[in-house]
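Here's a walk through the fold, written for someone who would rather be at the bench. Have the viewer open and follow along.

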Amino acid sequence: MYLSDAEAKERICSIGRKMYQKQFVAANDGNITIRVGENAVMMTPTGVSKGDLTPEMLIKADFGGNILEGTYEPTSEMPMHLRIYKEDDTIQSTAHAHPIFLCCFANMGAELDLSLTTATVAISGKIPVAPYCNPGSLELAESVAPYVKDFNVVMLANHGSISWGHSPDEAWYILEEAENYAKLAILQKYILREFRPISKPQIKKLADTHGLTINPKRLVNAPDTTNNTEQASSFAGRPIPGVTLDDATIERIAEAVARKLKS
Ligand SMILES: [Zn+2]
């Protein structure tokens, strides 16, 4: 039912290395936990780079936060991780990091809900932002709790993101996919400024044919219709998105030019 302590330690070190290699964390950011018993969770220590974790650094604690094994100090975010397990007994692992593109949305206070790819609509779906709370606090732990049952990842305002799953791989994959989603969303909306969305009926068909249940709260902001079944057009032939000025800015420029000409 649960991973052994040794297996959990190995998985945490391996996920930590991926987290660091993917630049989801800087310095000693981020923490990972795996449930190892009815009342036991293995977790990362505070103050260590996730790229440098070794099994003997990891700490085993109970759901009351009491240390059962380990000589290092546990992560300061232990209350947030434990709160997620308390909210849903089926959760087996959590992963918290500060991935840059997700942080952009967390800093803007913008839910990630663009209807972009099959993976993004099906794996995380819409990603909400929990309101700002002091890192390491019980308030931060409580701010995440309302999202646990309906979502599998949440952004923490002005801080980072945390994901959870029914296995260590699932928790990690969700976070990895969420960061991809955030990266794509920024490129499509602000750099390319265009995309053909997946429609609501296409999302329904995707869920029906793949045996997925998409929680209505996680539905992305999809249109009723789309043009993504039409023939694709040439990329080379597309105009490069330029700078567009609103009327007020054009007027201000015209006035400045007029003043210059009069003087
Ligand atoms: Zn953090």
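Start at the hairpin of E7 and E8, where three residues sit between the strands and Asn 158 takes a positive phi near 55°. Keep in mind that this is a predicted model. Most residues other than glycine have a negative phi. Asn 158 breaks that habit, as its phi is positive without the residue being a glycine. Is Asn 158 buried, partly exposed or exposed? It has 15 C-beta neighbours inside 10 Å, so it counts as partly exposed.

Ala 27 does something similar, with a positive phi near 45° in a residue other than glycine. You'll find Ala 27 in the loop between helix H1 (5-21) and E1. Ala 27 counts as exposed, because only 12 or fewer C-beta neighbours are needed for that label and Ala 27 has 10 other C-beta atoms within 10 Å.

Now the strands on either side of that hairpin. E7 and E8 pair in the antiparallel sense over four bridges, and Leu 156 stands opposite Gly 160 in E8. On E8's other flank, E5 pairs with E8, also in the antiparallel sense, over five bridges. There, Ala 97 stands opposite Ser 161 in E8. Strand E7 (residues 153-156) also pairs with E6, this time in the parallel sense over two bridges, and Val 129 faces Met 155 in E7. Here are those pairings side by side:

| Strands | Sense | Bridges | Facing residues |
|---|---|---|---|
| E5 and E8 | antiparallel | five | Ala 97 and Ser 161 |
| E7 and E8 | antiparallel | four | Leu 156 and Gly 160 |
| E6 and E7 | parallel | two | Val 129 and Met 155 |

Zoom out and you get an open sheet of eight strands in the order E4-E3-E2-E1-E5-E8-E7-E6, with mixed pairing. Which strands stand at the edges? They are E4 (67-69) and E6 (129-130); each has a single partner strand, so one side of each lacks a neighbour in the sheet. Helix H2 (residues 78-87) packs on the sheet, touching E1, E2, E3, E5 and E8, and its direction makes about 140° with that of E2.

E8 itself is mostly covered, with six of its six residues buried. Gly 160, Ile 162 and Trp 164 point one way, while Ser 161, Ser 163 and Gly 165 point the other way. Both sets are buried.

What about the core? In soluble globular proteins, nonpolar side chains tend to be buried together. Here the largest nonpolar core has 61 residues, and Val 144 and Val 154 touch the most other members. Helix H6 (residues 168-192) gives the most to this core, with eight residues. Leaving out residues up to four places away in sequence, the contacts of Val 154 include Ile 127, Pro 128, Val 144, Tyr 147 and Ile 162.

For a link between parts far apart in sequence, try Ile 100 and Ala 182: they are 82 residues apart in the chain, yet 8.9 Å apart in space, C-alpha to C-alpha. Ile 100 belongs to helix H3 (residues 100-108), and is partly exposed, with 15 other C-beta atoms within 10 Å.

Finish at helix H8 (residues 247-262), which is hardly covered: none of its 16 residues is buried. At 1.5 Å a residue, those 16 residues should span 22 Å, and the end C-alpha atoms are 22 Å apart, which agrees.

Definitions and conventions: Residues numbered from 1 in each chain as written. Predicted model: local features only at pLDDT ≥ 70, side-chain atom pairs only at ≥ 80, totals over all residues. Expected span 1.5 Å × (residues − 1). Buried ≥ 20, exposed ≤ 12 C-beta atoms within 10 Å, placed from the backbone. Core = buried A, V, L, I, M, F, W, Y, C linked by C-beta atoms within 7 Å. Contact = placed C-beta atoms within 7 Å. Pairing = 2+ DSSP bridges. Axes fitted to C-alpha atoms, helices over the stretch in contact; angles between N-to-C directions.
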